[in-house]
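The points below are meant for a colleague who is opening this structure for the first time, and they deal with its aromatic rings and what lies around them.

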Amino acid sequence: MASPTKFEFSTSQFLEDIRTTAAAIGAPFSESTTRKVLDVFTEQFKDGGIVLRTSNQATSKLDYRSFMRKKTDIMSLALGEGFIEKDDPLNDLIASWSALYDGRPEASCDFSADGGLAKIWLFFGAIRPLDEILAAPGVPESIRRHGPTFHSLGLTDVQHIAVDYHRRSINLYFAYFGETTQERAAALTKLAQPEPPNDTWFKQMSDWLPQDGTPFAVTLTLDGAIKRVCFYALRGLPEEAEKVDPTITKFWSAAPCHDEDNFKTLGWSFGGEPYLKTERGYAGNIAAFGEYWGVFPDSLEATA
């Protein structure tokens, strides 16, 4: 993987950047919680890659993600510092998926600016068949039973997964290729809600989603309920995307970027009340992590 950029991570500067970005979008911020995260994951933040993220929901939050440049035992750190409970059933999923492929999966984390560790991600080292991910010992039958439905929609290859401790959910990130037609968008959105995307959002998605590969996410609860789906545009967003929503505009203006590559994303999330989500690269050569982690499906080979 490419080395980090010349920017040297500073705890004090990061705290100030998080504080000012949260204030700009009206999101809550806890300095003590954020400082504890930085104290525990000091090496990971200095050596890894960082993105800031938010949404245009009425109660917008500010999150930040740390991509680990070195393989890290996230669970030991998180359990040891009390970020997650030892008897949490979500831990079994992380342990089960981490053991796949001879222990090759690598972890990274999302943190909330006011609530600490929120989500643990696992990258499997390659795009993996859905059936292998669902067959892991810790995956409940309530989730496995969706396999035939996913196959019928062409969702057969998994880039990575995430376990969300705050929302009590699991995210499957599928490799999504090809044109986004109205029929396809409606069929995928129907996993989480009966209504298809509105005309404005469909036009944005059909124009901005890359056909050569991007993630499509399905969010499920442990009892198997599909709560949300999300289409992600991670590359080549046009200038007009900066005006797609006032909160997104404020965030992109306020969130600092210390990378040479001005990495920005946009996601259209459906299920309940639809909303937009976005990420901004902060530091650590995020574009290189995108390639390595398979955020861009065309950058990864199939099962390795």
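1. A charge sits over a ring if NZ of Lys or CZ of Arg is within 6 Å of the ring centre and within 35 degrees of the ring normal. In this predicted model, Arg128 lies over the face of Tyr101, at 3.7 Å from the ring centre, and Arg184 is placed over the face of Tyr176, at 4.0 Å from the ring centre.

2. Turning to contacts between rings, the structure holds 21 aromatic pairs. One of them joins Phe7 and Tyr282, whose ring centres are 6.1 Å apart and whose planes stand at 90°, so the pair is edge-to-face. Because Phe7 lies in the segment before helix H1 (11-25) and Tyr282 in strand S10 (residues 275-283), this pair ties together parts that are 275 residues apart in sequence.

3. Are the two partners buried or exposed? Phe7, at 24% relative accessibility, counts as partly exposed, whereas Tyr282 has a relative accessible area of 0% and is buried.

4. Another pair is formed by Trp208 and Trp268, with ring centres 6.2 Å apart and planes at 45°, so the pair is tilted. It links distant parts of the chain, since Trp208 belongs to helix H11 (residues 199-208) and Trp268 to strand S9 (residues 264-270), 60 residues apart. Both Trp208 and Trp268 are buried.

5. Finally, the pair in point 2 belongs to a wider arrangement, in which ring pairs link Phe7, Phe9, Phe14, Phe41, Phe45, Tyr64, Phe83, Phe111 and Tyr282 into a cluster.

Note on methods. Residues are numbered from 1 along each chain as its sequence is written. This is a predicted model: local features need pLDDT of at least 70, side-chain atom pairs count only at pLDDT 80 or more; totals for chains, interfaces and linings use all residues. Side-chain values use heavy atoms; hydrogens and water are left out. Rings of Phe, Tyr and Trp (its six-membered ring) pair if their centres lie within 6.5 Å; planes under 30 degrees apart count as stacked, over 60 as edge-to-face and the rest as tilted. Helices (H or I, at least four residues) and strands (E, at least two) are DSSP runs, numbered from the N terminus. Buried means under 20% relative accessible area, exposed over 50%, partly exposed in between (1.4 Å probe, protein chains only).
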